[in-house]
Amino acid sequence: MAGKSFNPFEMAQTQFDKVADMLNLDNGVRGLLRNTLREYHFSIPVHMDDGSVKVFRGFRVQHNDARGPGKGGIRFHPQETIDTVRALATWMTWKCAVVDIPLGGSKGGVICDPHNLSQREQEQICRGWVRQLSKNVGPINDVPAPDVMTNAQHMLWMLDEFETIQGSKYPGFITGKPVGMGGSLGRTEATGYGLIYTLREALKVLKIDPKDTSASVQGFGNVAQYAIRLYNEFGGKVLCVSCWDQNDQTAYTYLRAKGIDLDELLGITDRFGGIDKDKAKNLGYERLAAEAWLEQDVNILMPCALENQVTGENVHKISKKVKILAEGANGPTTPEADKFLDEKGVYVLPDFLANAGGVTCSYFEQVQSNMNYFWTKEEVLTHLDEKMTSAYHAVNDLSKKRKLYMRDAAYVIAISRVAQACKDRGWI
Ligand code: NAD
């Protein structure tokens, strides 16, 4: 999350400004796209299990909806800030545009730590969030989804509250619902798998056999776990993962030189993606400092935790062996680090392209909900692979043609599409 001096929204604006200059965007377009359209800040009072009342701060930010209803997850995190939510909403706009799905960009959050909340207290936060926003979100204007520390159960509580308020059934109000309750097969896997579909294509372009590669992964939650699974299936070896330790309030890297065993590690991982450090030791994993994941002699780095992880201060520690940075997390790399990576020729799969599998599958969930007809997992993943592969090649082709850094190429495509939609609507 945002550290004291790090402002993710300023980072999103810096990235935007660079490409706005390249595209020679006029001031009207810039003014609209570098800011958010609408924001909601509110309080959620909750009767806690111990009888006290605690008030949580909640947010929803709608960055741009020129291409369709806003779409974006809801994050529960103790260090959530409005600027984090603004940045994430902005990146959602670019994400939906780069994979060319008819949705805009939104994001939500609540400042809370689910590690310390009972299921009942979390349910009250979910229902309170919807009560505050029921007039401002919905299937045809802004559709929420899960993100860090929220899951299908949270989505179902939110859906139930929305439908209770509206007095009708609205399965399209939210995505990431449980399968069998309007959810889509493949949604759990979608972000991690989507990341690896783009990585697979990048390796083809770079003429590298996945079997000859090794990777280091930051994070061991939803995105990381499925990314590792598919990467392993393609023959790649993951040497280490890092994750947050709630007891010690710090992150650790767990390394095993012969490669991690995904299923074995999953057996000692809690539902927040935290690994039991004593059990990991018994299984032969070396426990290293938080940042050690970045310093390993691997070919691929996959930041799949939070923003602001690859920075001007630590990017120099990356091994010369690293060929690809595949971003599963949103905003893991700062503009200072980008400059260094560009100069060193590291091939970057930028976040809003590489982790777009989640929102793409959420869009498929909406399509299925609207038809009230659900696809097989194979159908979902085939459509997902097609979308991710074609978006990746469009970005890579532009990057080659115009000699652009991959992040900039992705931005050129996304910003052009959103700017065109705003113009076509007569907004600017
Ligand atoms: P998650 O809550 O399932 O897992 C987060 C993981 O990061 C956990 O293993 C946690 O221990 C670890 N972590 C937290 N702080 C850390 C730190 N300081 N250092 C190392 N590890 C740390 O979350 P997720 O859904 O996997 O999301 C991860 C990232 O991917 C976020 O940036 C999120 O916005 C982004 N993302 C998620 C989705 C999705 O569908 N879940 C879609 C697009 C982007």
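# Salt bridges, aromatic pairs and a hairpin

The structure, which is a predicted model, holds 31 salt bridges. A useful place to begin is Glu161, whose closest contact with Arg127 brings N and O atoms to 3.0 Å from each other in a salt bridge. This pair joins distant parts of the chain, since Glu161 belongs to helix H5 (residues 152-166) and Arg127 to helix H4 (residues 119-133), with their positions 34 residues apart in the numbering. Glu161 has a relative accessibility of 10% and therefore counts as buried, and Arg127, at 14%, likewise counts as buried.

Glu161 also meets the side chain of Arg131 in a salt bridge, with an N to O distance of 3.3 Å. Here too distant parts of the chain are linked, with Glu161 in helix H5 and Arg131 in helix H4, 30 residues apart. Arg131, however, has a relative accessible area of 44% and is partly exposed, whereas Arg127 is buried at 14%. Taken together, Glu123, Arg127, Arg131, Asp160 and Glu161 are linked in a network of salt bridges, and the two contacts of Glu161 described above can be traced within that network on the model.

A further salt bridge is formed by the side chains of Lys177 and Glu365, at 2.8 Å from N to O. Lys177 lies in the loop between H5 and H6, while Glu365 lies in helix H12 (residues 357-371), so that this pair links distant parts of the chain that are 188 residues apart. Both partners, Lys177 and Glu365, are buried.

The aromatic side chains offer another way through the fold. A pair of aromatic rings is described by the distance of the centres and the angle of the planes. The structure holds 10 aromatic pairs. In one of them, the rings of Phe162 and Tyr170 have centres 5.7 Å apart and planes at 80 degrees, and because an angle over 60 degrees counts as edge-to-face, the pair is assigned to that class. Its two members differ in their cover: Phe162 is buried, with a relative accessible area of 3%, whereas Tyr170 is partly exposed, with a relative accessible area of 31%.

The rings of Tyr193 and Tyr197, with their centres 6.5 Å apart and their planes at 70 degrees, also make an edge-to-face pair. Both residues lie in helix H6 (residues 187-205), where a spacing of 4 residues places them about one turn of the helix apart. Tyr193 is buried, with a relative accessible area of 10%, and Tyr197, at 7% relative accessibility, counts as buried as well.

Elsewhere, ring pairs link Phe16, Trp94, Phe352 and Tyr411 into a cluster. A contact between a charge and a ring is found at Tyr252, where Arg287 lies over the face of the ring at 4.4 Å from the ring centre.

From these contacts the reader can turn to the strands. Strand S1 (residues 38-47) and strand S2 (residues 53-64) pair in the antiparallel sense, and 10 bridges are found between them. Within this pairing, Phe42 has Gly58 in S2 as its bridge partner. The two strands, S1 and S2, form a hairpin with 5 residues between them, and in the turn Gly51 has a positive phi of about 95 degrees.

On the surface, Leu37, Trp427 and Ile428 form a nonpolar patch, with about 240 Å² of accessible area together. Trp427 is found in the segment after helix H14 (406-424), and at 37% relative accessibility it counts as partly exposed.

A last stop is Gln309, which is found in the loop between strand S10 (300-303) and strand S11 (324-326). With a relative accessible area of 22%, Gln309 is partly exposed. Gln309 is 179 residues from Val130 in sequence, and the C-alpha atoms of Gln309 and Val130 are 31 Å apart in space.

Technical notes
Residues are numbered from 1 along each chain as its sequence is written. Side-chain values use heavy atoms; hydrogens and water are left out. Rings of Phe, Tyr and Trp (its six-membered ring) pair if their centres lie within 6.5 Å; planes under 30 degrees apart count as stacked, over 60 as edge-to-face and the rest as tilted. Buried means under 20% relative accessible area, exposed over 50%, partly exposed in between (1.4 Å probe, protein chains only). A charge sits over a ring if NZ of Lys or CZ of Arg is within 6 Å of the ring centre and within 35 degrees of the ring normal. Patches are made of residues with over 30% relative accessible area and no salt bridge: like charges are joined within 9 Å, nonpolar side chains (Val, Leu, Ile, Met, Phe, Trp, Tyr) within 5 Å. Accessible areas come from the Shrake-Rupley method with a 1.4 Å probe; for residues, only the protein chains shown count as cover. A salt bridge is a side-chain nitrogen of Lys or Arg within 4 Å of a carboxyl oxygen of Asp or Glu. Two strands pair if DSSP finds at least two bridges between them.
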